[in-house]
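Student: I'd like to learn how to read a sheet in a protein model. Can you take me through one?

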Amino acid sequence: MLRAGRQTLFAWTDVITHANQGYRTLSISTEHTQLISRFVQELSLAGGQTRQVHDLAQLVSAIADILRERQTGRLLVAADNLITELDLVTRLRAKGIEVITSDEPAQVAQLEVGLTGALAAVASSGTLLLAGGASLASLLPPLHLALIRAEQIEPDLTGVWPLLGQAIRTGERELCLITGPSKTADIEQTLVQGVHGPGELIVIILSEDEPGGQP
Amino acid sequence: MSRKRDLAAEILRAVADEQLQHSLNSLGERLNMLRAAAFPDRQEYEALRREARRIKEETIAHLDKYLAQLRAQVEAQGGKVFLAQDGTEAAAYITQLASARGVSAPIVKAKSMTAEEIELNRALIAQGLQVLEVDLGERIIQLAGEKPAHIIGPAFHKSKEEVRRLFARWLEIPEGDIPQGISAITALARSALRQKFLQAEMGITGVNFAVAETGTIVLVENEGDIRMTTRLPPLHVALMGLEKVIPTLDDLRVFLELLPRSGTGQKLTSYVSLLTGPRRSSSGERPEPEREFHLVLLDNGRSRMRADPALREALYCIRCGACMNTCAPYLGVGGHVYGGQTYMSGIGNAWEAGVHGLEEAAGFNELCTTCGRCTEVCPVKIDIPWLNTVIRQRAGSLTGRARWQRWLIGRVDLSGRWGSYTAPLSNWLVRAKPLRLLLEKVLALDRRRRLPAFRRPTLEQRFRRHRPARSDGPLQGTKVALLPDCFTNYYQPEIGLAAIELLERLGCSVELAPRRCCGRGLLSQGLIEEVKPLARRSMETLERLAGQGYELVGVEPSCLAALRGEYAHIIGSKRAARLRPHLWEILEYLQHCHLPPELFAGPEQQLVYHGHCQQKAIGANRAAISLLANIPGVKLKVVEVPCCGMAGSFGYKRDFYQLSMQLGRRLTKKLEKLEGQIVLCGSSCRAQVEELSGRSVRHPLELLLERLKSKELSGPGGHDEEPVARDKL
Ligand code: SF4
Ligand code: SF4
């Protein structure tokens with residue numbers, strides 16, 4: 001099912017749409033489906049959750065739903081290419097969500113939910129690679145929402161390494177690999193989520209594939 | 001610096017401490033299982049370990065070069081680097097920095113073993129600064145006024161009730177107001193510390209890795225306190241031991257694959273921060289206040305360790321904690337007893353010797369059984385038992401025992417020869433009270449322990465009368481020399497004979513190798529020099545046999561572990577490596593021969609097996625398990641505990657008796673639940689379990705022989721031949 005806005009969402013959709021060979025389309029998409037499901041599985045082992053959305057409208061309402069569940073209308077949003085590209089801030093505001101973009105700890109300390117993008121993700125461990133701009137939104141609020149595109153998921157750590165190296169060499173001073181929510185087992189070796197960082201992590205995956213792999 | 005310790009009393013207290021025992025038990029069970037599950041692919045694991053080891057060797061060999069590169073990179077990014085020779089210099093630098101920046105709010109400090117090592121908090125507090133540990137476990141430890149009991153789980157031994165009491169005092173609220181649930185207690189700590197993070201003007205962290213090529217420091221954690229500490233206050237000081245530098249980002253990836261999985265079984269921890277120089281404002285519009293990053297490089301004995309041929313290896317440690325989670329003495333008494341001023345467990349010996357001095361290490365070194373299980377799980381393959389043997393040698397009488405006493409205990413070949421020669425008189429004597437008292441007094445052998453009985457005739461003597469069993473078995477044409485280790489020769493000759501008969505029935509032509517004590521007993525006593533002549537003789541004999549085409553097969557894992565492990569250090573690694581392919585533990589050898597499992601097919605039988613520590617350390621345990629598990633009719637139950645608690649002479653020592661019993665009971669508790677024949681490969685394991693469980697315990701090879709024989713005879717009425725005779729004592 002093609003939806004409006006999909007083409008603008010996914011640069012790589014074009015590649016698929018315009019690919020001459022159906023086989024090629026299939027292989028790219030199967031590979032991604034596998035990576036997505038591995039990522040989902042590994043992240044859940046690490047205590048995180050995922051949501052899959054397939055277009056911009058779904059994305060905006062997924063975020064709005066999550067905020068409604070937490071009974072908050074405010075959202076801390078970190079600077080990020082994908083968020084900018086999708087003009088997400090405008091769209092969220094249009095939904096009546098109060099978006100805060102401050103980078104000042106004192107100003108954002110009370111917020112319940114933070115939204116970030118990510119530079120990349122790792123399927124084999126359920127990991128996100130975040131740049132410094134995302135540090136407050138991924139750290140202070142009790143819930144961290146992270147937005148990634150399906151094609152940002154790499155199979156393993158080796159897959160994200162060139163990107164990580166490039167980021168450091170081009171001056172990214174603060175990178176963080178995030179795997180699940182903050183956790184501790186310091187009291188009686190009992191696992192508790194959310195000791196200093198967020199107790200919840202939800203990764204929203206923008207994927208071209210429809211649920212259940214239906215076209 | 002070092003304190004006079006009464007190790008025996010400390011052990012007794014620890015063994016009697018129920019909360020501690022409970023925590024240690026679940027720590028071992030939980031983390032070992034998680035670690036094992038995290039490395040499903042052995043080949044990948046071994047490849048990672050080899051690579052990690054290579055990187056560490058390279059880095060420490062060229063440490064100055066990489067440190068210079070790191071310094072240049074950090075400075076190029078606008079950070080400051082300070083090289084501190086010792087703790088005093090490091091603390092002085094940090095104090096001056098704090099006062100120069102007018103730090104008045106409490107300093108937030110994340111967990112760092114290196115800071116513990118120099119007691120940084122104490123030094124800063126003495127200068128009037130406030131320091132707040134922010135890792136939950138460290139917070140608890142700081143409130144309790146203790147030292148970490150585990151390298152990554154500093155407060156794992158504390159009960160919830162204790163934590164509630166400590167938090168009530170910290171937050172100045174009645175204990176009744178502290179919630180009961182562990183997540184609610186955690187939430188309370190979260191909100192109390194959150195305020196401190198937001199107010200903090202200075203944060204201190206350790207460093208897990210520092211990448212020389214980019215000047216990036218890497219911090220690994222689960223809670224998020226390190227991220228808070230590095231992100232919120234404008235001033236970040238990172239304290240790192242010199243050994244934490246690694247050359248490249250690619251190297252970092254290898255360690256990130258190994259560190260979390262080895263430590264907690266996580267593929268990655270929740271957060272891995274990669275920080276390169278001081279943080280810059282992300283948005284240009286609103287410049288953040290001046291941010292500073294200071295890297296304090298700490299030597300504090302590391303250069304000396306590097307120059308020391310033995311201790312150098314300890315610098316490869318990445319502090320994952322896997323070695324302690326698998327170490328029986330650690331899991332028996334915890335890190336406060338099996339540990340020194342800062343560092344605990346096996347690797348703690350070398351670190352204490354390196355940074356606090358030999359005396360500190362000598363205070364707990366005796367607790368290492370040199371079983372080698374830690375080396376098997378160490379992501380950088382540090383030969384911890386060897387380090388501890390060297391430290392034992394150097395410590396000499398510092399450990400409270402004179403050389404001649406050690407020598408007497410260590411020469412199992414001489415005591416065996418004497419005892420067997422004069423048996424049964426010797427057996428009567430060593431069971432008589434006066435001699436037991438004397439042995440306890442002079443050699444500290446606990447009089448409550450049943451000593452194994454000397455046997456006459458010995459294996460050597462019996463072999464002279466032995467007539468080879470004829471066979472057309474599948475191993476025809478192979479020549480095997482069975483190694484008559486001292487334990488088998490003098491105490492359990494029937495197991496040696498059973499091994500010989502088993503191999504013969506399988507078709508091998510078997511010789512008994514000339515008896516040469518490998519020196520295991522002396523090694524356990526740290527008498528390395530004294531082992532050298534024994535080792536040379538052993539090597540010559542074994543090399544000659546190998547040259548004649550014999551496979552060298554032994555039944556006592558601890559002796560094989562000496563030949564395959566420690567000998568590399570004693571006679572040179574090249575020479576030892578040449579002999580290695582010919583040295584086999586017997587079950588490992590049979591598995592290697594790819595015998596059809598049907599050979600041993602027979603009646604239904606449940607075998608209950610627990611791997612000998614050194615069987616595991618030399619990598620022969622898996623082979624034994626798959627050999628036994630595949631036999632038609634055999635149902636194999638494998639029991640996992642760190643150690644039976646006997647560990648050679650360890651369990652006989654007076655000071656360790658209670659600990660040994662405690663460890664043994666953890667095993668027998670599990671065995672109790674299982675029906676069937678208990679089979680164990682080590683002579684001391686068999687003695688321990690027989691004593692504790694009252695059940696008969698045999699070597700698996702005896703069962704193999706029985707099954708083989710009963711099969712050969714099973715035609716009509718075929719079961720009537722006695723199994724290998726076990727002569728009466
Ligand atoms: S050799 Fe054995 S007893 Fe010694 S530290 Fe290692 S695991 Fe512990
Ligand atoms: S010695 Fe090895 S296993 Fe032990 S903490 Fe260090 S790296 Fe980990």
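Tutor: Sure, terms first: strands (E, at least two residues) and helices (H or I, at least four) are DSSP runs, numbered from the N terminus, and two strands pair if DSSP finds at least two bridges between them. This is a predicted model, where local features need pLDDT of at least 70, side-chain atom pairs count only at pLDDT 80 or more, and totals for chains, interfaces and linings use all residues. Residues are numbered from 1 along each chain as its sequence is written, chains are lettered from A and ligands numbered from 1 in the order in which they are written, and side-chain values use heavy atoms, leaving out hydrogens and water.

Student: In what order do the six strands of chain B lie in the open sheet?

Tutor: In general, strands of a sheet pair through backbone hydrogen bonds, either parallel or antiparallel. Here the order is β1-β10-β7-β4-β2-β3 in chain B, with parallel pairing. At the edges, β1 (80-84) and β3 (131-133) of chain B each pair on one side only.

Student: How many bridges join β1(B) to β10 of chain B?

Tutor: Five, and β10 covers residues 292-298. B:Lys80, for instance, sits opposite B:His294 of β10(B).

Student: Which helix packs on the sheet?

Tutor: Contact means heavy atoms within 4.5 Å. Angles run from 0 to 180 degrees between N-to-C directions, using axes fitted to C-alpha atoms, for helices over the stretch in contact. Helix α5 (residues 87-100) of chain B touches β1, β4 (202-205), β7 (235-241) and β10 of chain B, and its direction makes about 165° with that of β10(B).
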